[in-house]
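Reader: I would like a close look at the place where the ligand sits in this model. Please take that part slowly, and then say what else can be described around it.

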Amino acid sequence: MNKFSTDEIMTKDAHLIQSFTNLDGLKQQGARTAIVAAKGAYVTDSDGNDLIDGIGGLWCVNVGHGRREIIEAITRQLETLDFYSTFYNFTHPAAAELAEKLANLAPGNLNRVYFANSGSVANDTAVRMLHHYNNRLGRPDKKKILSRIGAYHGSTHLAMAMTTPAYSDGWDTAAEGLVHHLRAPCAYREAEDMTDAEFLDTLADDMLEAIRDLGAENIAAFIAEPIMGAGGVLVAPDGYHARMRQITAEHDIKYIADEVVTAFGRLGHMFASQDVFGMVPDIINVAKGLTSGYQPLSATIISDEIYEVISQPGAMFLHGMTYSGHPAAAAAALANIDILEREKIPQNVRVTGKVFENALRGLADLDIVGEVRGSHFMMGIEFVKNKDTKQSFSDETNVGLRVAQEAQKRGLIARPLGNILILSPTLIMDVPMIERIQSVLRDSIKAATTALPT
Ligand SMILES: Cc1ncc(COP(=O)(O)O)c(C=O)c1O
């Protein structure tokens with residue numbers, strides 16, 4: 001129950017540091033929207049407006065808001081065991097059951113699970129484990145990480161070092177020299193006149209050149225999102241992940257799939273790596289949809305082969321988070337996965353997600369829509385000043401924000417990212433709701449276009 005007026009919330013909010021925002025802008029204007037309640041595919045703001053949650057919280061509320069089953073599972077768990085850690089030789093049933101469940105769902109020999117509380121820490125954990133793995137194998141120099149321009153892997157120092165360099169503008173990188181960024185697999189901006197197959201060859205050559213330059217003996221891993229999310233929903237050409245997997249395997253470089261956004265149904269499967277992209281990585285990292293956001297939880301799911309090395313006699317696992325596998329978070333994940341399975345949400349997404357994708361692709365006729373890209377319930381719309389030349393709007397134009405504001409006036413939350421608008425709704429959309437989103441977006445883009453400075 002919301003006990004404060006919008007003004008009261010905003011006064012208190014002066015003490016809150018929001019994420020990824022212009023703090024000076026907030027100092028001047030205050031936060032724009034306070035969300036006070038949520039149900040199903042909708043949220044309610046502090047002025048009483050119901051809005052379609054077009055970004056699923058933050059690519060995470062996969063089963064929809066307010067699911068009793070999850071809330072009750074969390075409550076039951078807290079009433080039985082509020083907290084115990086998984087340090088030393090302790091465990092508890094919820095973490096153990098969830099670890100077994102994830103091992104059963106994950107592809108190949110990915111059977112060992114480390115829990116943390118965010119995607120950022122899941123990615124840090126994967127790198128720390130692989131560094132230790134190589135130390136144990138007597139390869140202390142095999143530490144560098146290949147990532148990609150356009151990637152987003154989180155905001156801890158290490159995860160940010162693996163993220164696209166643009167996100168560190170004005171900030172420092174702790175892991176100087178550790179990460180090498182490969183080309184972004186973004187055909188719209190990078191492929192020029194190449195066919196998909198030629199672009200794929202170019203990207204493969206880029207990786208091979210990096211391996212030649214850095215030396216495979218110095219590279220621990222390649223980290224990649226199946227579809228890049230916060231970089232602008234960048235979809236690699238067909239066959240990219242399988243090809244990269246083959247190259248990394250040939251050079252004894254581990255493949256970390258950052259499935260923080262793509263796992264648990266967003267692309268129509270529990271995990272995208274094998275079922276959508278036809279390859280089994282060495283590590284899969286998940287968060288977000290693991291609990292549909294009801295509790296903070298992430299998992300780093302590693303292969304038996306890595307586990308065998310880091311659990312050899314004499315090895316100490318010097319890594320731990322107090323809340324690793326927190327009972328309430330594990331209970332939330334188990335109830336969430338139960339809903340995904342029982343209601344066949346990933347299977348439904350293969351149908352409704354395609355309807356959503358096609359509905360958004362239908363906006364490509366609008367004057368400023370340069371490209372609509374993505375897959376199923378993970379979509380991005382890139383706005384351009386000139387469709388023929390792909391000339392971008394200036395940063396000051398804030399075209400994504402303009403469209404997002406028009407959409408919010410019409411009852412839809414979408415996420416602006418520079419010249420791009422991101423849509424990643426809950427996975428429980430039906431066709432009328434999808435049609436409504438399409439119509440709101442069409443009207444909003446037209447209204448923003450009319451209001452653009454000349
Ligand atoms: C692909 C990907 N990896 C990692 C993260 C970081 O997750 P968290 O915000 O939970 O730390 C995100 C967050 O958006 C993400 O999209």
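Author: What follows describes the ligand shell, then a pocket and a small sheet.

The model is predicted. In it, the ligand is surrounded by Ser118, Gly119, Ser120, Asn123, Tyr152, His153, Gly154, Glu225, Asp258, Val260, Val261 and Lys288. By class, this shell holds three nonpolar, six polar and three charged residues. Helix H6, residues 119-136, supplies three residues, the largest share of the shell.

Polar contacts can be listed for Gly119, Ser120 and Lys288. For Gly119 the contact is made through the backbone: one of its N or O atoms lies 2.8 Å from an oxygen atom of the ligand. Ser120 uses its side chain instead, with an N or O atom 2.5 Å from a ligand oxygen. Lys288 also has a polar side-chain atom at 3.1 Å from an oxygen atom of the ligand. As for cover, the ligand taken alone exposes 390 Å², and the protein buries 85% of that.

The second largest pocket is a separate topic. Its volume is about 820 Å³. It is lined by 27 residues, and those closest to its centre are Thr86, Val113, Tyr114, Tyr307 and Phe317. Two or more lining residues come from each of helix H5 (93-105), strand S4 (110-116), strand S10 (298-303) and helix H12 (304-310). The lining of this pocket divides into 18 nonpolar, seven polar and two charged residues.

Last comes the sheet. Four strands form an open sheet in the order S1-S2-S3-S13, and their pairing is mixed. Strand S1 (35-39) and strand S13 (412-413) are at the edges and have a single partner strand each, so one side of each is left without a neighbour in the sheet. Strand S2 (residues 42-45) and strand S3 (residues 50-53) run antiparallel and are joined by three bridges. Within this pair, Tyr42 stands opposite Ile52 in S3. In general, strands of a sheet pair through backbone hydrogen bonds, either parallel or antiparallel.

Technical notes. Residues numbered from 1 in each chain as written. Predicted model: local features only at pLDDT ≥ 70, side-chain atom pairs only at ≥ 80, totals over all residues. Heavy atoms only, no water. 1 Å grid on protein atoms, 1.4 Å probe; cavity = no way out; pocket = protein on both sides within 12 Å on 5 of 7 lines; lining within 4 Å. Points joined across faces, edges and corners; volume = space filled by probe spheres on them. Nonpolar A, V, L, I, M, F, W, Y, C, P; charged D, E, K, R; others polar. Pairing = 2+ DSSP bridges. Near = heavy atom within 4 Å. Polar contact = N/O pair within 3.5 Å; in protein donor to acceptor, adjacent residues only side chain to side chain. Areas by Shrake-Rupley, 256 points an atom, 1.4 Å probe, with all protein chains shown as cover.
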